[in-house]
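Colleague: I should like to go through this structure with you, question by question. Please give the reasoning before each result.

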Amino acid sequence: LGCETKICRYVIVQGEAKPLLQLSPNPVTTVLHAVFVSAYPEQVYVSIYNANGILLKTYIKLAVQGTNNWEFDVAGLPAGIYSVIVKSPHQLANAIFFKQ
């Protein structure tokens with residue numbers, strides 16, 4: 001009947017606010033270091049895409065629950081912007097990096 005009601009409430013989300021996937025150094029020249037915080041001990045697929053969304057490489061890693069440290073040789077990639085996607089049946093994380 002033309003009536004409106006607005007209800008505002010604060011919502012608190014538990015957990016840490018840090019990203020699940022961190023890449024360094026950024027920009028990178030030869031070796032990309034990835035830190036992935038996994039909620040589950042499981043196999044994950046780490047894929048690198050170029051700026052056009054073309055898949056360049058996929059790695060299969062066994063992630064442990066907690067912090068995982070991986071290194072990837074990106075020396076052969078041309079300069080540009082790239083995406084890294086880590087996915088499994090239970091998790092999804094992504095980040096970008098710049099290659100010099």
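Colleague: Over how many bridges do strand 3 and strand 6 pair?

Modeller: This is a predicted model, and the answer concerns its strand pairing. Strand 3 covers residues 42–50 and strand 6 covers residues 80–87. One contact between them sets N50 opposite its bridge partner Y82 in strand 6. The two strands pair in the antiparallel sense, and the number of bridges is 6.

Colleague: In what order do the strands of the sheet that holds this pair follow one another?

Modeller: Strand 3 is also joined to strand 4, by 8 bridges and in antiparallel fashion. Within that pairing, E42 stands opposite A63 in strand 4. The sheet is open, has 4 strands with antiparallel pairing, and runs in the order 4-3-6-7.

Colleague: Which strands stand at the edges of this sheet?

Modeller: The order of the open sheet is 4-3-6-7. An edge strand has a single partner strand, so one side of it is left without a neighbour in the sheet. The strands that stand in this position are strand 4 and strand 7 (92–99).

Colleague: Which residue takes a positive phi in the hairpin of strand 3 and strand 4?

Modeller: The two strands of this hairpin run antiparallel. There are 4 residues between them. The positive phi, near 80°, belongs to G53.

Colleague: Which are the edge strands of the sheet with the order 1-2-5?

Modeller: This open sheet consists of 3 strands, and its pairing is antiparallel. Strand 2 pairs with strand 5 over 8 bridges, and H33 has E71 as its bridge partner in strand 5. On the other pairing, 4 bridges join strand 1 to strand 2, with S24 opposite H33. The strands that pair on one side only are strand 1 and strand 5.

Colleague: Where is P25, and where is P27?

Modeller: The peptide bond from S24 to P25 is cis, with omega near -15°. The bond from N26 to P27 is cis as well, with omega near 15°. Strand 1 and strand 2 form a hairpin with 6 residues between them. P25 is found in the loop between strand 1 (21–24) and strand 2, and P27 is likewise in the loop between strand 1 and strand 2.

Colleague: Which side chains of strand 1 point to one face and are buried?

Modeller: In a regular strand the side chains alternate between the two faces of the sheet. Strand 1 shows such alternation, with Q22 and S24 pointing to one face and not buried. The buried side chains, which point to the other face, are L21 and L23.

Colleague: How many residues has the largest nonpolar core?

Modeller: The elements that give two or more residues to this core are strand 1, strand 2, strand 3, strand 5, strand 6 and strand 7. V84 is among the residues with the most contacts inside it, together with L21, L23, F36 and F97. Leaving aside residues up to four places away in sequence, V84 touches residues including L21, L23, I48 and F97. The size of the core is 20 residues.

Colleague: Is the aromatic pair of F36 and W70 stacked or tilted?

Modeller: A search of the whole structure finds 3 aromatic pairs. In the pair of F36 and W70, the ring centres are 5.8 Å apart and the planes make an angle of 20°. F36 lies in strand 2 (residues 31–38) and W70 in strand 5 (residues 66–73), 34 residues apart. Planes under 30 degrees apart count as stacked, and this pair is therefore stacked.

Colleague: Is Y59 buried or partly exposed?

Modeller: Y59 in strand 4 (residues 55–63) pairs with F72 in strand 5, 13 residues away. K57 lies over the face of Y59, at 5.4 Å from the ring centre. F72 is buried, because its relative accessible area of 3% is under 20%. At 22% relative accessibility, Y59 counts as partly exposed.

Methods
Residues numbered from 1 in each chain as written. Predicted model: local features only at pLDDT ≥ 70, side-chain atom pairs only at ≥ 80, totals over all residues. Heavy atoms only, no water. Phe/Tyr/Trp six-rings, centres within 6.5 Å; stacked < 30°, edge-to-face > 60°. Buried < 20%, exposed > 50% of the residue type's maximum accessible area, 1.4 Å probe, protein only. Lys NZ or Arg CZ within 6 Å of the ring centre and 35° of its normal. Pairing = 2+ DSSP bridges. Core = buried A, V, L, I, M, F, W, Y, C linked by side-chain atoms within 4.5 Å. Contact = heavy atoms within 4.5 Å.
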